[in-house]
Amino acid sequence: MNYEAHMLLWENTYAKIKKIDYAYQTNATIQQVMPYSALLVIVGGNVDLCLGQTPYHIQNFSIFHVGKSEFLDMKTTESYSYYMIYYQGDVIYLDAFIQHLYIEYRPFHTNFSCLPANPIAIELLLRDMYNKWKTESFQEHLSVKAIFYELIYRIFREFTEGQGKSHEVDLAETARRYIEQHVHEAVTVQKLADSLNISTRHLLRIFRERYGEGPQNYLQKMRLTLAQKYLQSNSMSIKEIAAALGYEDEYYFSRVFKKQLQITPTAFRLKYLANMSDFPITNDNHFQYNENQLVQAIRLESREYRLMKQTFIHSIRVPFIISLIALLAACGNDETEKKVEQVIKGEAETRVITDLTGEEIEIPTNPERIVLQGNAIGDLLALGIEPVGVDRRFIDSGVIENNGKIAAADIGYPTNLEKVVTLNPDLIMLGYVLENEVEEASKIAPTVVFNGMLPLKERLPIVANIIGKKTEAEEVLKNYEENVEAMWEQLRANGLIAEGETAVVLQYYWNKMMYVMKTGGVADLIYSPMGFAMDEKVEELQPNSGPYIEISEETMHDLLIGDHLFVLISVDEEAKNSFKELQEKPLWKSLPAVKNNKVHYIEDKWNYTDMTTSNMLLERFPTMLTE
């Protein structure tokens with residue numbers, strides 16, 4: 001976890017406390033989808049906690065940050081005490097870099113834990129915070145907010161100073177869940193231990209301590225329980241059941257079954273069928289499928305229904321429309337006649353696409369009122385579509401505002417669904433989103449999820465396919481690539497770039513954080529095939545995720561050695577002043593590009609990857625190179 005990036009985001013965060021719960025010596029089970037982000041602090045007790053798919057066994061003072069919309073499952077066999085602070089957070093963007101960090105790290109939706117070195121001080125803060133919250137006083141609630149920021153500061157200080165540590169994942173429970181999820185496979189103790197990165201001896205010890213038996217026995221019991229269900233369905237042979245449950249063959253399966261249940265599989269099936277005099281004939285007997293097969297079966301059923309519906313509609317369409325045309329002929333309704341002609345020609349008003357989640361979504365063929373969440377606003381604009389609703393931070397902090405002519409309403413992030421309803425959209429596009437937002441947005445209009453973080457050349461065709469502009473996107477990309485090539489040819493012809501010259505792209509932030517960029521925005525243009533070459537040392541860097549690779553002043557002299565240096569920097573005064581301090585240092589002055597006067601400063605608002613910004617950057621770049 002990049003704690004420095006999270007601290008930077010929290011420094012630019014507005015947080016609103018929604019609720020504070022405190023339970024003392026309770027034994028209640030909590031199972032809920034989190035309506036807000038939360039700090040969960042367990043101050044005492046023996047608790048089994050699961051965040052999403054990750055289990056923890058808690059026996060001491062522990063802090064957990066629980067992401068919004070995460071599923072929280074907390075239970076115990078004895079009493080325990082906890083604080084739960086629900087909050088709603090939003091990052092106030094200062095520049096494009098903060099936006100990229102927010103999209104990459106998603107601080108309010110990330111789960112993490114902390115075993116603090118000084119739990120007593122934190123518990124005192126929590127007690128003070130809860131007591132002031134109960135007063136419902138405006139002044140006291142302001143103090144509560146201040147304490148909340150103090151808590152966040154203490155947690156990250158524990159990590160950065162090496163005092164606190166993350167809570168260990170419950171390996172025994174993780175092993176048990178792995179067995180349940182892979183019960184149809186040939187699971188061995190060695191394979192299970194390898195998946196947890198522990199020894200088989202350690203696995204056997206912790207599993208027996210928790211569940212009173214070894215993982216092999218647990219797996220065997222699960223398989224036999226499923227085998228009984230499969231035998232009762234009477235739809236699979238003994239051989240098929242044995243193969244489905246990971247047994248070597250049906251003979252070994254039969255021996256194990258008889259040894260445990262004192263009856264053979266065949267006799268068990270006959271006995272069950274003899275007792276079922278009135279077996280219901282339904283279409284709901286799905287348990288012979290595994291989870292993935294069941295999903296596919298349901299999708300096939302829904303697709304067959306949709307095809308039947310379309311066939312039925314087509315069978316009645318033509319005679320009905322012919323009568324309708326005759327009726328409307330005297331009215332002179334050109335718009336209606338145009339739509340009628342489209343139907344006769346088979347130009348459907350809707351079509352079905354498969355989105356990023358694998359869901360088949362029926363959407364308008366030519367959507368007119370699009371709501372977009374994500375950074376693909378410039379892609380839509382380049383394809384001639386202006387959405388009716390967007391997260392305007394991607395407009396206001398970039399270069400595509402176009403003198404204020406983009407009138408799209410602000411839907412914020414997380415998405416303000418109440419605002420979306422008022423926009424009456426016929427299509428909602430989600431470039432990055434929380435799972436519950438997909439479900440809620442789908443109640444408003446057809447909702448498509450796509451990967452808004454893909455590179456431009458991969459993302460634009462996907463966006464175009466959603467809005468029915470595939471041909472236009474091909475032409476736009478073709479023109480862009482031709483213009484990029486022509487620009488670099490002209491720069492070479494003018495002697496502004498020589499064969500083999502290298503360049504490094506540096507993102508500088510006001511708190512002296514520095515990042516080398518290999519891809520994205522400005523870097524994509526600079527490292528075009530006919531553009532600058534990437535320095536070898538930069539090329540060897542392996543980013544953990546995303547296009548940014550953090551560097552320090554100590555490593556700066558080893559990495560910023562390209563012939564040209566492009567510095568992306570915010571127009572914020574604090575950033576400028578901080579960078580001026582760096583420019584006065586000998587290390588900076590000794591860089592090759594600095595000594596040769598080949599440092600180019602670019603406002604980081606140009607560092608978006610959408611098609612509109614890319615085209616604008618292409619026009620502006622020759623001037624940037626000579627400034």
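# Exercises on a predicted chain

The mean pLDDT of the chain, where pLDDT is the predictor's confidence in each residue from 0 to 100, is 81, and 85% of the residues reach 70 or more. This is a predicted model, in which local features need pLDDT of at least 70 and side-chain atom pairs count only at pLDDT 80 or more, while totals for chains, interfaces and linings use all residues. Residues are numbered from 1 along each chain as its sequence is written, and side-chain values use heavy atoms, with hydrogens and water left out.

**Exercise 1. Find which elements have the lowest and the highest mean pLDDT, and where pLDDT stays under 50.**

Solution. Begin with the elements: helix α12 (residues 291–328) has the lowest mean pLDDT, 44, and strand β6 (residues 62–66) has the highest, 93. Helices (H or I, at least four residues) and strands (E, at least two) are DSSP runs, numbered from the N terminus. Next, turn to the stretches: pLDDT stays under 50 over residues 277–322, for which the model has 25 contacts beyond four places in sequence, a contact being heavy atoms within 4.5 Å. Residues 342–346 also have pLDDT below 50, and this stretch has 5 contacts in the model beyond near neighbours in sequence.

**Exercise 2. Describe the chain by its elements, its buried share and its contacts.**

Solution. Count the elements, which gives 26 helices and 22 strands. Then take the buried share: of the 627 residues in the chain, 46% are buried, where buried means under 20% relative accessible area, exposed over 50%, and partly exposed in between (1.4 Å probe, protein chains only). Finally, consider the contacts with a separation of 6 or more, of which 68% are between residues 24 or more positions apart.

**Exercise 3. Work out the strand order of the open sheet that contains β4, and follow the pairing of β4.**

Solution. Start with the order, which is β2-β7-β4-β5 for the 4 strands of this open sheet, with antiparallel pairing; two strands pair if DSSP finds at least two bridges between them. The edge strands, each pairing on one side only, are β2 (30–33) and β5 (54–58).

Now follow β4 (residues 47–51) towards β7 (residues 71–75), with which it pairs in the antiparallel sense over 4 bridges. Within this pairing L51 stands opposite L72, and the bridge partner of C50 is D73. On the β5 side, 5 bridges join β4 to β5, and V47 has I58 as its bridge partner. The hairpin of β4 and β5 has 2 residues between the strands, and G52 there takes a positive phi near 65°. As a last step, look at burial: 4 of the 5 residues of β4 are buried, so this strand is largely enclosed by the rest of the structure.

**Exercise 4. Decide whether L9 and T613 are buried or exposed, and name their contacts.**

Solution. Locate L9 in helix α1 (residues 3–11). With a relative accessible area of 0%, L9 is buried. Leaving aside neighbours within four places in sequence, L9 is in contact with V91, I98, L101, Y102, Y105 and P107. The C-alpha atoms of L9 and Q99 are separated by 9.2 Å, although these residues are 90 apart along the chain.

Then locate T613 in helix α26 (residues 611–626). T613 counts as buried at 1% relative accessibility. Beyond the neighbours within four places in sequence, T613 is in contact with V399, I400, W606 and Y608.
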